[in-house]
Amino acid sequence: MTPRDAVARGIETGDVVRLFNDRGAVLAGAVLHDGLRPGVVRLPTGAWFDPVPHDPGGRPLCVHGNPNTLTAGLPSSASRRAAPAHTPWVRPRSTEEHHHP
């Protein structure tokens, strides 16, 4: 995410953040980068799905950051069988508490 977006959410580089939507949530490490568009969060793929058993709300919470947790398992359209896996809307929230003097 961009540094400006991070400041607005109380997120700092290295924080563990919770990315979530109505499908589920993941934990990931925050890396701030000016090369992203405002409002965009980038989450690399490759993590194994590792849900915790009791996420508030009953949705999966993957502690390893598997992005499939945030996507729908539906085709993008009737004529295309591709999954819309790279465009889920998420809300980032810091799991850290920062105490600044």
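**Core, sheet and local contacts of the predicted model**

The largest nonpolar core comprises 10 residues, namely M1, A6, I11, V17, L19, V26, A28, A30, C62 and L70. The elements that contribute two or more residues to this core are β1 and β2. The structure described here is a predicted model, and the sections below proceed from the overall arrangement of the chain to single residues. One member of the core, A6, is in contact with M1, I11 and L32 when neighbours within four places in sequence are left aside.

The protein chain contains 1 helix and 4 strands, and from the N terminus on these elements follow the order α-β-β-β-β. Of the 101 residues in the protein chain, 26% are buried. Among the contacts between residues at least 6 apart in sequence, 58% join residues that are at least 24 apart.

The 4 strands form an open sheet in the order β3-β2-β1-β4, with mixed pairing. Strands β3 (61-62) and β4 stand at the edges of this sheet, and each has a single partner strand, so one side of each is left without a neighbour in the sheet. In general terms, the strands of a sheet pair through backbone hydrogen bonds, in either a parallel or an antiparallel manner.

Strand β1 (residues 16-20) and strand β2 (residues 25-29) run antiparallel and are joined by 5 bridges. Within this pairing, F20 has A25 in β2 as its bridge partner, and the connection from β1 to β2 is a hairpin of 4 residues. The loop between β1 and β2 includes D22, which counts as exposed because its relative accessibility is 61%, a value over the 50% taken as the limit for exposed residues. The C-alpha atom of D22 is separated by 9.5 Å from that of T71, although the two residues are 49 residues apart along the chain.

Strand β1 is also joined to strand β4 (residues 91-94), in this case by 4 bridges, and these two strands likewise run antiparallel. Two bridge partners illustrate this pairing: V17 is matched with S94 in β4, and R18 is matched with R93 in β4. The residue V17 is also one of the members of the largest nonpolar core. The charged end of R18, for its part, sits over the ring of F20, at 4.8 Å from the centre of that ring. Pairs between aromatic rings, by contrast, number 0 in the structure.

The two faces of β4 can be told apart by their covering, since P92 and S94 make up a covered face, whereas R91 and R93 make up an uncovered one. This pattern may be read alongside the general rule that side chains in a regular strand alternate between the two faces of the sheet. The residue S94, which lies in strand β4, is buried because its relative accessible area is 17%, a value under the 20% limit for buried residues. The side chain of S94 makes a polar contact with the side chain of D15, at 3.4 Å. Residues up to four places away in sequence not being counted, S94 touches R9, G10, I11, D15, V16 and V17, a list that includes its bridge partner V17.

The helix of the model, α1 (residues 3-9), includes D5. The residue D5 counts as buried because its relative accessibility is 13%, again under the 20% limit. The contacts of D5, with residues up to four places away in sequence left out, are with R37, P38, G39 and V40. For one of these residues, P38, the C-alpha atom is separated by 6.7 Å from that of D5, while the two residues are 33 residues apart along the chain.

Note on methods. Residues are numbered from 1 along each chain as its sequence is written. This is a predicted model: local features need pLDDT of at least 70, side-chain atom pairs count only at pLDDT 80 or more; totals for chains, interfaces and linings use all residues. Side-chain values use heavy atoms; hydrogens and water are left out. Rings of Phe, Tyr and Trp (its six-membered ring) pair if their centres lie within 6.5 Å; planes under 30 degrees apart count as stacked, over 60 as edge-to-face and the rest as tilted. A charge sits over a ring if NZ of Lys or CZ of Arg is within 6 Å of the ring centre and within 35 degrees of the ring normal. Two strands pair if DSSP finds at least two bridges between them. Buried means under 20% relative accessible area, exposed over 50%, partly exposed in between (1.4 Å probe, protein chains only). A polar contact is a pair of N or O atoms within 3.5 Å; within protein, one must be able to donate a hydrogen and the other to accept it, and residues adjacent in sequence count only if both atoms are side-chain atoms. Contact means heavy atoms within 4.5 Å. A nonpolar core is a set of buried Ala, Val, Leu, Ile, Met, Phe, Trp, Tyr and Cys residues joined through side-chain atoms within 4.5 Å.
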